[in-house]
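Q: I'm new to this structure and would like a close look at one part of it, the nonpolar core. Could you walk me through what builds it and what sits around it?

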Amino acid sequence: KANNIFKKIITNLKGWVENITNGWIVNFSDYSGCDIPTQMVKVDRNKLVIGLANGWTGGGKAILIWPEDAGNAYLKLKQKNKELKGYMFWNIANEGKVVPGTNITLWMTPILNQYLRVRDI
């Protein structure tokens, strides 16, 4: 069952990135006092950095996307030449701590680096 959840996360993350980078139409005139014309809004793939939560996520404040799942989503996008710039997470002080509600120690930096290959560590 857990594998199905992770597959859905990867698929949804990949789809979200594709939607953000393909863009959408925003009708700014729907907002009173806004004089910006209706236009396509999108984020260039080479500028898209997704913020992830890490070890503090156990309180229900945010979803924990395991670094292996984020890395696999990145690789699937890269296979299509649609990879994003990367990931960031908050906060470094939680690196190597046990995720609340689990007995799993979470290391975002080295695991994400295995996929993105940002630096030698």
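A: Read from start to end, the chain runs α-β-β-β-α-β-β-β-α, which comes to three helices and six strands. Keep in mind that this is a predicted model. Of its 121 residues, 34% count as buried. Among contacts with a separation of 6 or more, 58% join residues 24 or more positions apart.

Now for the core itself. The largest nonpolar core has 24 residues, and the ones touching the most other members are Ile50, Leu52, Leu84, Tyr87 and Met108. Several elements give two or more residues to this core: α1 (2–22), β3 (49–53), α2 (67–79), β4 (86–90) and α3 (108–116). The top contributor is α3, with five residues. As a bit of background, nonpolar side chains in soluble globular proteins tend to be buried together.

Let's zoom in on Leu84. Leaving aside residues up to four places away in sequence, Leu84 touches Val17, Arg45, Leu48, Ile50, Tyr74 and Leu77.

Then there's α3, where the buried residues are Met108, Ile111, Leu112, Asn113, Tyr115 and Leu116. Why would places three or four apart matter in a helix? An α-helix has 3.6 residues a turn, so residues with that spacing point the same way. The buried residues of α3 pack against β3, α2, β4 and β6 (105–106). Just after α3, Arg117 takes a positive phi of about 50 degrees.

Not everything in a core-building element is tucked away. Take Trp90, which lies in strand β4: its relative accessible area is 58%, over the 50% cut-off, so Trp90 counts as exposed. Trp90 and Asn54 are 36 residues apart in sequence, yet their C-alpha atoms are 6.5 Å apart in space.

Last stop: charges. The structure holds one salt bridge, and it's formed by the side chains of Glu18 and Lys80, at 3.3 Å from N to O. This pair links distant parts of the chain, with Glu18 in helix α1 and Lys80 in the loop between α2 and β4, 62 residues apart. Side chains of opposite charge can pair when their charged atoms come close. Are the two partners buried or exposed? Glu18 has 15% relative accessibility, which is under 20%, so Glu18 counts as buried. Lys80, at 42%, falls between the two cut-offs of 20% and 50%, so Lys80 counts as partly exposed.

As for the outside, the chain has an accessible surface of about 8,200 Å², and 52% of that belongs to carbon and sulfur atoms.

Conventions: Residues are numbered from 1 along each chain as its sequence is written. This is a predicted model: local features need pLDDT of at least 70, side-chain atom pairs count only at pLDDT 80 or more; totals for chains, interfaces and linings use all residues. Side-chain values use heavy atoms; hydrogens and water are left out. A nonpolar core is a set of buried Ala, Val, Leu, Ile, Met, Phe, Trp, Tyr and Cys residues joined through side-chain atoms within 4.5 Å. Buried means under 20% relative accessible area, exposed over 50%, partly exposed in between (1.4 Å probe, protein chains only). Helices (H or I, at least four residues) and strands (E, at least two) are DSSP runs, numbered from the N terminus. Contact means heavy atoms within 4.5 Å. A salt bridge is a side-chain nitrogen of Lys or Arg within 4 Å of a carboxyl oxygen of Asp or Glu. Accessible areas come from the Shrake-Rupley method with a 1.4 Å probe; for residues, only the protein chains shown count as cover.
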